[in-house]
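Visitor: I'm new to this one. Could you show me how to read its pockets and its sheet?

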Amino acid sequence: MRSRPNLTLPGDITIDRVIIRGGRAPGVVDALGTVFRAGEVVLSAGSYGSPAILMRSGVGPAEDLRALGIDVEADLPVGRRLQNHPFFHSFALTPDLQTLTSAFAAQPWLASSEAQAGELGRDIVATHLPDGSFSPTGGAIVLAAAVTRPESHGSARLASRDPYYAPVINNNCPATARDRGRILEAVRLVRRLAGTAPLTGALAAELVPGDAVRTDDELEAAIAAGIATYGHPTSTAPTGGPSDEWAVSRTSRPPSRTASPWPPATGRRYGP
Ligand SMILES: Cc1cc2nc3c(=O)[nH]c(=O)nc-3n(C[C@H](O)[C@H](O)[C@H](O)COP(=O)(O)OP(=O)(O)OC[C@H]3O[C@@H](n4cnc5c(N)ncnc54)[C@H](O)[C@@H]3O)c2cc1C
């Protein structure tokens with residue numbers, strides 16, 4: 001692929017913005033001001049890089065762009081529908097079991113108690129951690145309970161007009177009562193599995209959140225304090241048709257934008 005005569009792959013370039021002329025994108029500009037002209041621009045800078053480039057190009061929430069002195073090309077919800085997979089948990093291994101024969105043991109996909117038909121919205125992953133130095137037994141296995149179809153939305157916003165500044169990321173997850181309930185239920189299920197053979201023979205104690213954490217309130221607080229993500233950010237610049245409130249592929253301003261909060265209230269809490 002790299003040897004194709006019609007392909008040039010320049011490296012070590014930070015793209016500042018897409019040039020937009022009359023609703024078209026005839027090129028890009030890098031952070032040093034070099035202009036790259038093109039018949040077509042395909043933006044593929046990932047879930048954080050792509051919205052940042054779009055916003056520096058003037059495509060994004062108008063209020064945020066104006067606050068940074070960026071001329072607005074299109075007032076669209078770029079960076080406002082960030083989704084990620086929240087996950088939680090960890091256990092210690094017994095002293096005589098420092099390694100697992102399979103590093104990746106199992107990954108059941110599960111429906112929560114209030115799942116809709118066919119919705120497998122959670123998973124549990126059992127993985128041996130190569131570095132168990134933080135564990136009192138010297139070994140650790142993580143039993144991660146994750147919500148794989150979260151409804152919570154976070155955001156990726158520009159902190160600066162400077163292309164060398166990373167966007168500010170807020171996963172905001174789990175933000176809804178349903179997502180909180182699903183992860184709580186999954187963590188409780190992990191505890192039940194951990195207390196069932198053959199895992200009982202392999203686990204010395206619960207490291208996180210620990211046996212002192214018992215009630216739902218305590219567990220919810222521990223989850224809120226220790227929640228992590230799988231690093232699967234997505235949906236910060238979703239494409240979609242004119243009826244999709246989140247789509248950033250439209251060029252015109254949605255009619256509801258100035259009159260009411262955007263997206264229209266649905267009873268759910270969206271991004272911050
Ligand atoms: C720890 C971890 C584990 C994962 N495990 C899995 C897995 O098991 N299975 C799976 O399917 N997925 C996994 N993923 C997710 C997967 O890595 C991503 O979904 C995938 O890499 C996204 O590809 P992408 O091309 O959209 O973006 P990226 O891979 O993020 O690529 C974007 C590129 O654009 C560049 N870029 C950004 N901004 C600019 C700029 N301004 N100028 C120039 N270049 C720029 C970045 O440097 C990067 O090279 C994992 C992710 C993480 C973090």
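Guide: Sure, and keep in mind that this is a predicted model. Let's start with the largest pocket: 24 residues line it, and those nearest its centre are Ile20, Ala25, Leu54, Val59 and Val248.

Visitor: How do people find a pocket in the first place?

Guide: Rolling a probe the size of a water molecule over the atoms shows where empty space is left. Here, the largest pocket comes out at a volume of about 720 Å³. Its lining takes at least two residues from each of β1, β2 and α1 (46-56). By type, that lining has 12 nonpolar, eight polar and four charged residues.

Visitor: And what about the second largest pocket, how much space lies in it?

Guide: About 590 Å³. It has 23 lining residues, with Ile15, Val28, Val41, Val42 and Leu43 closest to the centre. α1 gives the most to this lining, four residues, while β2 and β3 each supply at least two. The split is 15 nonpolar, five polar and three charged.

Visitor: Those strands keep coming up. How do I read a sheet?

Guide: Strands of a sheet pair through backbone hydrogen bonds, either parallel or antiparallel. In this model, three strands make an open sheet, ordered β1-β2-β3, with antiparallel pairing.

Visitor: Why is one side of β1 and of β3 left without a neighbour in the sheet?

Guide: Because β1 (15-21) and β3 (35-37) stand at the edges, and each has a single partner strand. On average, neighbouring strands of this sheet are turned by 30 degrees against each other, direction ignored.

Visitor: Which residue of β2 is the bridge partner of Val18?

Guide: Val28. Overall, β1 and β2 (residues 24-30) pair over five bridges.

Note on methods. Residues are numbered from 1 along each chain as its sequence is written. This is a predicted model: local features need pLDDT of at least 70, side-chain atom pairs count only at pLDDT 80 or more; totals for chains, interfaces and linings use all residues. Side-chain values use heavy atoms; hydrogens and water are left out. Two strands pair if DSSP finds at least two bridges between them. Axes are lines fitted to C-alpha atoms, for helices over the stretch in contact, and angles run from 0 to 180 degrees between N-to-C directions. On a 1 Å grid over the protein atoms alone, a cavity is a set of points where a 1.4 Å probe fits but cannot get out, and a pocket is an open set with protein on both sides within 12 Å along at least five of seven lines; lining residues have an atom within 4 Å of a point. Grid points are joined across faces, edges and corners, and a volume is the space filled by probe spheres set on the points. Ala, Val, Leu, Ile, Met, Phe, Trp, Tyr, Cys and Pro count as nonpolar, Asp, Glu, Lys and Arg as charged, and the others, Gly among them, as polar.
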